[in-house]
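Colleague: I have a new model open on my screen and would like to learn how to read it. Could you walk me through it?

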Amino acid sequence: MTEADNTRTGRELTGRHVLYMFIVGFGIIIGVNVYMATEAISTFPGLEVSSSYAAGQDFNERRDAQEALHWTSSVEVDEEAGLLTLHLTDADGSPVVPAAFTALLTRPTNQLEDQNLDLTFANGVYTAPVQVSDGRWRLRMTGTAHDGTAYRRNITFTLPD
């Protein structure tokens, strides 16, 4: 064995170097976590209702009244034409025209692309112009039947790539 074989090449790893590696490594992890948390909070507040307890107090009565209407709904979206078509029918399959009716098209994960729809009723269906892209969407409908029964329905759908 020669003296050349016993010599070290490069720099010596000291405690100070290890400390710097830990500081930089954890700094990167903490920085990414802060960035991700900030983005998550800024795009979706997580608020569905202001008071879950109060909303749940009469949930069963509201659900039963809404189900007694026997309304069904479905949605179609023509991306090229930028047109959303909503079918709202009763138990006989006849179109329903509620006393009041609104719809909001939104992404389930953020509020940046929310669109209050300007619904038009013609030929038994509701239509509205929309600006959509591929991905998951949610149509939130809120209305009132002529007998005063509240109607709420969410339809989640995915537009393919």
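**Reading the model, feature by feature**

Modeller: Happy to! Let us begin with a small detail: T120 stands opposite T127 in β6. Keep in mind that this is a predicted model.

Colleague: Which strands does that pairing belong to, and how do they run?

Modeller: Strand β5 (residues 120-122) is joined to β6 by three bridges, and the two run antiparallel. They form a hairpin with two residues between the strands, where N123 takes a positive phi near 55°.

Colleague: What else pairs with β6?

Modeller: Strand β2 (residues 83-89) does, in the antiparallel sense, over four bridges with β6 (residues 125-129). To find one of these on your screen, look for L83, whose bridge partner in β6 is P129.

Colleague: Let me step back. How many helices and strands does the chain have?

Modeller: Four helices and eight strands. Along the sequence, the pattern reads α-α-α-α-β-β-β-β-β-β-β-β.

Colleague: And how do I judge the overall shape?

Modeller: Set the radius of gyration against what a compact globule would give. For 161 residues that would be near 15 Å, but this chain has 28 Å. The C-alpha trace spans about 100 × 45 × 25 Å along its principal axes. As for burial, 25% of the 161 residues are buried.

Colleague: Now the aromatic rings. How many aromatic pairs are there?

Modeller: The count comes to four aromatic pairs. For each pair, look at the distance between ring centres and the angle between planes. Take F22 and F26: their centres are 6.2 Å apart and their planes are at 10°, so this pair is stacked, the cut-off being under 30 degrees. Both residues lie in helix α2 (residues 15-43), four residues apart, which is about one turn of the helix. F26 is partly exposed, at 48% relative accessible area.

Colleague: Which pair links distant parts of the chain?

Modeller: That is W71 and Y151. With ring centres 4.9 Å apart and planes at 55°, the pair counts as tilted. W71 sits in the loop between α4 and β1 (72-78), whereas Y151 is in strand β8, 80 residues apart.

Colleague: Is Y151 buried or exposed?

Modeller: Y151 counts as buried, because its relative accessibility is 1% and the cut-off is under 20%. W71 counts as buried too, at 16%. There is also an aromatic cluster, made up of F101, F121 and Y126.

Colleague: Last topic: pockets. What is the general idea?

Modeller: Rolling a probe the size of a water molecule over the atoms shows where empty space is left. In this model, the largest pocket holds about 560 Å³ of space. Its lining has 15 residues, and the closest to the centre are F59, R62, R152, R153 and N154.

Colleague: Which elements give two or more residues to that lining?

Modeller: They are α4 (59-69), β7 (135-144) and β8 (150-159). Helix α4 gives the most, with five residues. By class, the lining has five nonpolar, three polar and seven charged residues.

Colleague: While we are at α4, how should I read N60?

Modeller: N60 is placed in helix α4 and is partly exposed, with a relative accessible area of 42%. For a sense of distance, try N60 and D92: they are 32 residues apart along the chain, and their C-alpha atoms are separated by 25 Å.

Notes:
Residues numbered from 1 in each chain as written. Predicted model: local features only at pLDDT ≥ 70, side-chain atom pairs only at ≥ 80, totals over all residues. Heavy atoms only, no water. 1 Å grid on protein atoms, 1.4 Å probe; cavity = no way out; pocket = protein on both sides within 12 Å on 5 of 7 lines; lining within 4 Å. Points joined across faces, edges and corners; volume = space filled by probe spheres on them. Nonpolar A, V, L, I, M, F, W, Y, C, P; charged D, E, K, R; others polar. Pairing = 2+ DSSP bridges. Buried < 20%, exposed > 50% of the residue type's maximum accessible area, 1.4 Å probe, protein only. Phe/Tyr/Trp six-rings, centres within 6.5 Å; stacked < 30°, edge-to-face > 60°. Rg over C-alpha atoms; globule rule 2.2 N^0.38 Å.
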